[in-house]
Amino acid sequence: MYKGGKIIASLIIFAALFTIPFFYNMGKVNAGPDVALETPAIQQLSDKQCVESPEFMRANHMKLLNQWREEAVRNGQTVYTNSQGTEFQISLQDTCLKCHATGSASNAVVLSNPATTTTGVSNPAINESPEFCASCHDYSAVEPKCWSCHFEPKEAAK
Amino acid sequence: MKVLYSFITVIVLIIVASIGASIANLHYVFGIIIPYLAFIMFVGGFIYRVVKWGRSPVPFRIPTTIGQQKSLPWIKQNKIENPSSAFGVIVRMAMEVFLFRSLFRNTKTELREGKNGPELSYGSAKWLWLGSLFFHWSFLIIIVRHLRFFLEPVPFLVQAFENVDGMLQIGLPAIYLTDVFILIAVTFLFFRRLVVPQVRYISLPADFFPLFMIMSIAGTGILMRYFFKVDLVAVKELAIGLATFQPVLPTDIGPMFFIHIFLVSILFAYFPMSKLMHMGGIFMSPTRNMMNNSRMVRHINPWNYDVEVHTYEHYEDEFRDKMKKAGLPVEKE
């Protein structure tokens, strides 16, 4: 081969680039995200169903949240009626995170945040860990934009 | 006709993938076996092609240059467009690979009606350059973005690409700029082949096929992200399973995923035997990757046949006595 050294070196670089996933993951266990579905709040529910069916939520939760934001913030609507006719209060903190917060009371953080101090309502988004969101979102490297408006809990920071 | 031929091929592939996606027993084939085969064919075929090219001799300096060659000291050399050093070649190649320098110089020729009959005129034509640039860069960024499915934990760089790509935050899931760019660019490149008569004339099925494939791959990817959702976590489990050689097949991934991955596999498997090999070929172009130093260095053809030469000196040595006798002048006494 003419210029064989350079060509072989380049080919090794080429092969290395395209086999990065094999080396990067070498020896690792293919463990999916650990989704906390058994929080105390969920265990207390008689009918263990989210706002919509799990399949719908898995695929479309971001659309639903977006819709909720528009309903609540722009249209002043605070009630959502799901496909089965059940009504839910439109609130990330009081509806979603009521069940989907996995932190226990022991790691509650006391913060002088308007959300807690003025209303006096306990705020799960502040006090509880959103591991539920983070587990899948970290796994698939999707950054939820919720915390750019809502107060980001300390535990959410990786 | 050539368009139709490629189009039908891609449609058939999509139908095959849809059948595979609808039969659960075939998921193992479409999700695991075919991607592995495609990967082997891609890397193996790529190396084979490059080695094959590397074996063909390039005995002479044949760079195509567009600048002043190195000459007398008071004549200014264009060190990049007409390189005489390895550094110049590297800069020149980098400009070609990253910025498509030679496409930038693309011109169009036109016959215009002049006073004395038709006149030939040349003009700059940057659209092809712009379209290609957008297409290739978008494609690269999309591939890097896809690493988030193959790497766990996801490296910061991949995450950064992702954030920049979705920085407009339009809709949820956020629209990726590269998705928009690649669709526009690939459509432009396709219509260019259809509309410009000269380009259409020289276009072959092998030119249209990759375009349709890339269109369909981008299309299924976008459909999967925004409309016919798939279970991303399951997709990643499958991908990591492939990367760790412990393939798992999660259930309920969603049919669109199987169409997408099948088309990607076919494109990768087809890659080494197609014009797409310009990815490796650009580095092997002797008109681009050589220094123009034929006036400084003597390049000898490596397979020159050993010719038996009989120089005058040897001739005189052999016949000196006879030459002297005959009264002929000799150089050495």
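Here is a walk through the two chains, from overall build to a few odd spots in the backbone. Keep in mind that this is a predicted model, and that confidence varies along it, as chain A shows. The average pLDDT of chain A is 74, with 77% of the residues scoring at least 70. Residues 104-129 of chain A are another matter: the pLDDT there is below 50, although the stretch still has 38 contacts in the model beyond near neighbours in sequence. Where pLDDT is low, don't read the predicted coordinates in detail.

Let's stay with chain A for a moment. It has 8 helices and 2 strands, and along the sequence they come in the order α-α-α-α-β-β-α-α-α-α. Of its 158 residues, 15% count as buried. As for how the chain folds back on itself, 57% of the contacts with a separation of 6 or more come from residues 24 or more positions apart.

Now for chain B, which has 13 helices and 2 strands. A compact globule of 333 residues would have a radius of gyration near 20 Å, but the value for chain B is 29 Å. The C-alpha trace of chain B spans about 105 × 65 × 45 Å along its principal axes. For a feel of that spread, take Arg320(B) and His146(B): they are 174 residues apart in sequence and 81 Å apart in space, C-alpha to C-alpha. Arg320(B) sits in helix 13 (residues 312-325) of chain B, where it counts as partly exposed because it has 15 C-beta neighbours inside 10 Å. Over chain B, 25% of the 333 residues count as buried. Residues 24 or more positions apart supply 64% of the contacts in chain B with a separation of 6 or more.

Helix 5 of chain B is a good place to zoom in. Does its length add up, and what would you expect? Helix 5 runs over residues 127-150, and at 1.5 Å a residue its 24 residues should span 34 Å; the end C-alpha atoms are 35 Å apart, which agrees. Part of this helix is tucked away: its buried residues are Gly131(B), Phe135(B), Ser138(B), Ile141(B), Leu147(B), Arg148(B) and Phe149(B). What covers them includes helix 6 (156-165), helix 7 (177-195) and helix 10 (232-243) of chain B.Helix 5 also turns up where the two chains meet. There, 34 residues of chain B are in contact with 30 residues of chain A. On the chain B side, the elements giving two or more residues are helix 2 (27-55), helix 5, helix 6 and helix 10. That side of chain B divides into 19 nonpolar, 7 polar and 8 charged residues.

The two strands of chain B make a small story of their own. Strand 1 (residues 107-114) and strand 2 of chain B pair in the antiparallel sense over 8 bridges, and a hairpin of 2 residues joins them. Within this pairing, Arg112(B) stands opposite Glu119(B) in strand 2. Is strand 2 of chain B buried or in the open? None of the 8 residues of strand 2 (residues 117-124) is buried, so the strand lies largely in the open.

Finally, the backbone oddities. In general, most residues other than glycine have a negative phi, and most peptide bonds are trans. Two peptide bonds in chain B go the other way. A cis bond joins Glu152(B) and Pro153(B), with omega about 0°, and Pro153(B) is in the loop between helix 5 and helix 6. Another cis bond joins Leu172(B) and Pro173(B), with omega about -5°; Pro173(B) is in the loop between helix 6 and helix 7 of chain B.

That loop between helix 6 and helix 7 also holds Gln169(B), whose phi is positive, near 55°. Gln169(B) counts as exposed because it has 11 C-beta neighbours inside 10 Å. Over in chain A, Ala141(A) has a positive phi near 55° too, and it lies in the segment after helix 8 (131-139). Ala141(A) is buried, with 21 other C-beta atoms within 10 Å.

Technical notes: Residues are numbered from 1 along each chain as its sequence is written. Chains are lettered from A and ligands numbered from 1 in the order in which they are written. This is a predicted model: local features need pLDDT of at least 70, side-chain atom pairs count only at pLDDT 80 or more; totals for chains, interfaces and linings use all residues. Helices (H or I, at least four residues) and strands (E, at least two) are DSSP runs, numbered from the N terminus. The expected span of a helix is 1.5 Å times one less than its number of residues. A residue is buried if 20 or more other C-beta atoms lie within 10 Å of its own, exposed if 12 or fewer, and partly exposed in between; C-beta atoms are placed from the backbone. Two residues are in contact if their C-beta atoms, placed from the backbone, lie within 7 Å. Ala, Val, Leu, Ile, Met, Phe, Trp, Tyr, Cys and Pro count as nonpolar, Asp, Glu, Lys and Arg as charged, and the others, Gly among them, as polar. The radius of gyration is taken over C-alpha atoms; the globule rule is 2.2 Å times the number of residues to the power 0.38. pLDDT is the predictor's confidence in each residue, from 0 to 100. Two strands pair if DSSP finds at least two bridges between them.
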